[in-house]
Amino acid sequence: MPRITPLKVEDLPANIQALCAERAKAVGKNHNAMLTFARIPEIVEPLYALLDRLVVDRHNKSLLDKRLRHLLLLRVPRLNGCRYCTGHQTARRAEQGYSMEESDALLEAPLDSPLFNDREKAALRFVEEVTKDVSPSLAAFAEVRKYYNADQIVELSAIAGIWCM
């Protein structure tokens with residue numbers, strides 16, 4: 001039971017209703033957290049834009065491929081101990097481009113798994129260190145730099161940041 005009651009879409013201002021309709025179309029529903037953030041339009045509007053850019057990518061602006069983004073979107077909540085997000089992302093794994101076996105590996109020890117290539121492991125390690133310690137080790141940064149440019153590394157960091165919220 002939420003401690004702060006989420007608003008109903010029909011009770012929101014028209015511009016926020018439009019954002020909710022776009023989000024529901026893209027991901028299947030509006031989550032209670034977003035409907036709670038909708039109490040303050042100045043918070044929810046940029047948050048929707050950020051999630052659209054980093055997760056849904058309706059406008060194809062992401063510098064990272066969909067599969068990698070969604071691998072990270074399962075790994076980060078696991079690191080944070082968020083059972084809700086982990087369960088939500090696991091349930092959507094097929095549409096996000098990875099198998100149950102890969103999902104299980106992501107939840108346990110992805111860096112040891114043969115299911116992920118070196119490029120994916122570099123991103124997973126980098127995001128894990130950013131999630132746990134804010135600043136990645138020099139080794140993790142050097143490894144991620146082999147596969148990703150500066151803008152892609154910023155996007156990796158942003159995915160970790162938004163999912164740590």
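This is a friendly walk through the structure, one selection at a time.

**Start with the whole chain**

Before clicking on anything, keep in mind that this is a predicted model. Show the protein as a cartoon and you will find 10 helices and 0 strands. Reading from the N terminus, the elements run α-α-α-α-α-α-α-α-α-α. The protein has 165 residues, and buried ones make up 41% of them. Switch to a surface view next: the protein exposes about 9100 Å², with carbon and sulfur atoms supplying 56% of that area. Among contacts with a separation of 6 or more, 58% join residues that are 24 or more positions apart.

**Select Tyr 148 and Leu 156**

Now go to the largest nonpolar core, which holds 37 residues. Which two of its residues touch the most other members? They are Tyr 148 and Leu 156. To see where the core draws its residues from, colour the elements that give two or more: helix 1 (14-27), helix 2 (32-37), helix 3 (41-56), helix 4 (66-80), helix 7 (100-108), helix 8 (118-133) and helix 10 (150-164).

Stay on Tyr 148 and show its surroundings. Setting aside residues up to four places away in sequence, Tyr 148 touches Leu 64, Leu 68, Arg 119, Glu 120, Ala 123, Ile 153 and Leu 156. Keep Glu 120 in mind, as the tour returns to it shortly.

**Select helix 3**

Show the side chains of helix 3. Its buried residues are Val 44, Leu 47, Tyr 48, Leu 51, Asp 52, Leu 54 and Val 55. Just after this helix, stop at Asp 57, where phi is positive, at about 55 degrees.

**Select Arg 53 and Glu 155**

The protein has 6 salt bridges by the rule used here. One of them joins Arg 53 to Glu 155, with the closest N and O atoms 3.0 Å apart. Arg 53 sits in helix 3 and Glu 155 in helix 10, so this pair links distant parts of the chain, 102 residues apart. Are the two partners buried or exposed? Arg 53 is partly exposed, at 27% relative accessible area, while Glu 155 counts as buried, at 4%.

**Select Glu 120 and Arg 67**

Here is Glu 120 again, this time meeting Arg 67 in a salt bridge with an N to O distance of 2.7 Å. Because Glu 120 lies in helix 8 and Arg 67 in helix 4, the pair ties together parts that are 53 residues apart in sequence. Glu 120 itself counts as buried, with 10% relative accessibility.

**Select Arg 75, Glu 128 and Lys 132**

These three residues are linked in a network of salt bridges. Zoom in on the link between Lys 132 and Glu 128, where the closest N and O atoms are 3.2 Å apart. Both belong to helix 8, and they are separated by about one helical turn because they are 4 residues apart. In general, an α-helix has 3.6 residues a turn, so residues three or four places apart point the same way. Lys 132 is exposed, at 53% relative accessible area, whereas Glu 128 counts as buried, at 15%.

**Select Val 134**

Move on to the loop between helix 8 and helix 9 (138-147), where you will find Val 134. Its phi is near 70 degrees, a positive value in a residue other than glycine. Most residues other than glycine have a negative phi. Val 134 is exposed, with a relative accessible area of 67%.

**Select Ala 140**

Continue into helix 9 and pick Ala 140. At 1% relative accessibility, Ala 140 counts as buried. What is it in contact with, leaving aside neighbours within four places in sequence? The partners of Ala 140 are Arg 125, Phe 126 and Glu 129. Try a distance label between the C-alpha atoms of Ala 140 and Glu 129: they are 7.8 Å apart in space and 11 residues apart in sequence.

**Finish on the surface: Phe 37, Ile 40 and Ile 43**

For the last stop, bring back the surface view. Phe 37, Ile 40 and Ile 43 form a nonpolar patch there, and together they have about 230 Å² of accessible area. Ile 40 lies in the loop between helix 2 and helix 3. Ile 40 is partly exposed, with a relative accessible area of 41%.

Terms used: Residues numbered from 1 in each chain as written. Predicted model: local features only at pLDDT ≥ 70, side-chain atom pairs only at ≥ 80, totals over all residues. Heavy atoms only, no water. Buried < 20%, exposed > 50% of the residue type's maximum accessible area, 1.4 Å probe, protein only. Contact = heavy atoms within 4.5 Å. Areas by Shrake-Rupley, 256 points an atom, 1.4 Å probe, with all protein chains shown as cover. Core = buried A, V, L, I, M, F, W, Y, C linked by side-chain atoms within 4.5 Å. Salt bridge = Lys/Arg side-chain N within 4 Å of Asp/Glu carboxyl O. Patch = residues over 30% accessible without salt bridge, like charges linked within 9 Å, V, L, I, M, F, W, Y side chains within 5 Å.
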